[in-house]
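Subject: Handover of a structure

Dear colleague,

Please find below the structure that I am passing on to you. My findings follow it.

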Amino acid sequence: MNPSEYRQHDALALADLVRKGAVTPTELLDAAITQAEAQNPALNAIVTPLYEQGRHMLNQLPDGEAGQQMPFRGVPFLLKDLELEWAGTPLKSGCRGYAGYISATDSFAVTKYKQAGLIFFGKTNTPEFGLTPYTESELYGPARNPWNLAHSPGGSSGGSAAAVAAGIVPAASASDGGGSIRIPASCCGLFGLMPSRGRASLGPGLGELWQGAVRSHVISRTVRDSAAFLDLTAGTSPGDPYTMGKPGETFLGQVGQHPGRLRIALTTQHPFPGQQTHIDCVEAVRKTARLLESLGHTVDEIALPYDHTVLSETYLTMVLGETGATIRELSDYLKRPARRADMELNTWALSRISEAYSAVDSSYQKRRWNTLARRMGELHQTYDLLLMPTLARPPIRIGELQNTPAENQLMKIVDAVGGLKFLKGGKQIDQLAEKAFGYIPFPPIANMTGQPSMSVPLHQSAEGLPIGSMLTAALGNEALLFRVAAQLEQAQPWANNWPPNLS
């Protein structure tokens, strides 16, 4: 199978070819590695090649009836280098402090992926601890967008998205704590769905992550692949703090079913006063709205249905506290206090700032999550879906959101004087938060409320870069998202929209 033929198939189609004997798993892995060797030097999407481990997995694949029952038998797959444990392999989380870490067990999702017959052959680029909406860690260097190498593939699942967009794999693992599935899906012209809180276990090493904001799934080219992957991982493991379990029908079975005539709310309003949603992103969402109307749905434009200050304050407090906790865990692993040299300046500074927040601050802000959930719950009493831009701007250029020299100096002051004095000194923390939130103001609401949310790749910017539109459903209603996504995919197919150098 040559690379051009290989990348024209989604994961389910590749598995079907294996099942029919038209291609072998070895040929698929060879094709994937060939693609990786050709594309990755420019993209820096795969940061830990694990080709030999992949060939070992090939040798363990069962034949006969047991193999026939594996939905993805022999399909090449990549794991994001964050959160997912694969026993016997490195997991660095983009941090040099974890340079020697080797996973001892498999995560729940990894076990399910193995049981489905997927073949892992590498790990993908991620920012340090998944903290940024771009993928430019000091440890790995920047991942690049296949549509334009000067631009970011987004983050934190940027390496996974770049690998899928370049045709190295049809789908790759991803996770989302504030948009980290949907952001890179939007940047790279792919489909990305974040499941509901509790739909799929993060166990056994993790219970809730980022106080329940994080969910794990995949980025894919097709809707049906995403649905089939969620069928694999939907479920619980002992001790999970949130459980939703499997629905009565499969998610794959929802693909192709008519969603009915829906009422959809639309807003393009940038949550931060004084900031504007880029015209290309506004126009992309309006085109999506017109397409939905042509399919029989009703779209009403509304004001932002929640208080942006509650969202930004609760989200920022959560991220600060979780960063501090992450550094404490790093200290446990290192068996000594973590030091500035173990991590990037911004991560260290965030952990220092987190020390200025009290247990009362954290608990108070967590209670305010309820305000956001109630506002969105009220919205869904009237509307089936909320349509927004995935991002406020088209894909940024590499380095565009990195610290300025003045901001670097500010972070060094935080290191020197500590978080409490820094917070008492002015509004710098609010300004830094708005800089990051200005690019990604829309995705985090669903992380806070627990709702499922997806980015669909229907449009491009004036420069020819992908722009996603985001649809969010009520808690637990991934089935509706898959039905609508499949309807949009059929009306305006995107699976064969390749970056110019791959067309």
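Two residues are in contact when heavy atoms of theirs lie within 4.5 Å. On that basis, of the contacts in the protein chain with a separation of 6 or more, 78% are between residues 24 or more positions apart. Please note that the model is a predicted one.

Overall build

The protein chain contains 18 helices and 13 strands. Its radius of gyration is 21 Å, close to the 23 Å that the globule rule gives for 503 residues, so the chain is as compact as a globular protein of that length. Along the principal axes, the C-alpha trace spans about 65 × 55 × 45 Å.

Of the 503 residues, 61% count as buried. The accessible surface amounts to about 18,800 Å², and carbon and sulfur atoms contribute 50% of that area. As for charge, the chain carries 43 positive and 46 negative charges, and the mean positions of these two sets are 3 Å apart.

Aromatic pairs

The structure holds 16 aromatic pairs. One of them is formed by W210 and Y315, whose ring centres are 6.4 Å apart. Why is this pair edge-to-face? The planes of the two rings stand at 75°, and an angle over 60 degrees counts as edge-to-face.

The pair links distant parts of the chain, as its two residues are 105 residues apart. W210 is in the loop between β7 (191-194) and β8 (215-220), whereas Y315 belongs to helix α11 (residues 308-334). Both partners fall under the 20% limit for a buried residue: W210 has a relative accessibility of 10%, and Y315 has a relative accessible area of 9%.

Ring pairs also link F72, F77, W86, Y113, F120 and F229 into a cluster.

The loop between β7 and β8

The loop that holds W210 has further features to point out. P204 lies in this loop between β7 and β8, and the peptide bond joining G203 and P204 is cis, with omega about -5°. Q211 is located in the loop between β7 and β8 as well. Q211 has a positive phi, near 55°, in a residue other than glycine. With a relative accessible area of 14%, Q211 is buried.

Other backbone features

A cis peptide bond is also found from G155 to S156, where omega is near 5°. S156 is placed in the loop between β5 (141-142) and α7 (158-165).

S93 has a positive phi of about 55°, although it is not a glycine. Where in the chain is S93? S93 is in the loop between β2 (76-80) and α6 (108-115). Its relative accessible area is 10%, so S93 counts as buried.

Helix α6

The loop that holds S93 leads to α6, and this helix deserves a separate note. Which residues of α6 are buried? They are F108, A109, V110 and Y113. Y113 is also a member of the ring cluster named above. The buried residues of α6 pack against β2, β3 (119-124), β8 and α9 (223-233). After α6 comes G117, which has a positive phi near 95°.

In brief, the points I would ask you to look at in the model are the pair of W210 and Y315, the cis peptide bonds from G155 to S156 and between G203 and P204, and the packing of the buried residues of α6.

With kind regards

Technical notes. Residues numbered from 1 in each chain as written. Predicted model: local features only at pLDDT ≥ 70, side-chain atom pairs only at ≥ 80, totals over all residues. Heavy atoms only, no water. Helix = DSSP H or I, 4+ residues; strand = E, 2+ residues; numbered from the N terminus. Rg over C-alpha atoms; globule rule 2.2 N^0.38 Å. Buried < 20%, exposed > 50% of the residue type's maximum accessible area, 1.4 Å probe, protein only. Areas by Shrake-Rupley, 256 points an atom, 1.4 Å probe, with all protein chains shown as cover. Lys, Arg positive; Asp, Glu negative; His and termini not counted. Charge placed at Lys NZ, Arg CZ, Asp CG, Glu CD. Phe/Tyr/Trp six-rings, centres within 6.5 Å; stacked < 30°, edge-to-face > 60°.
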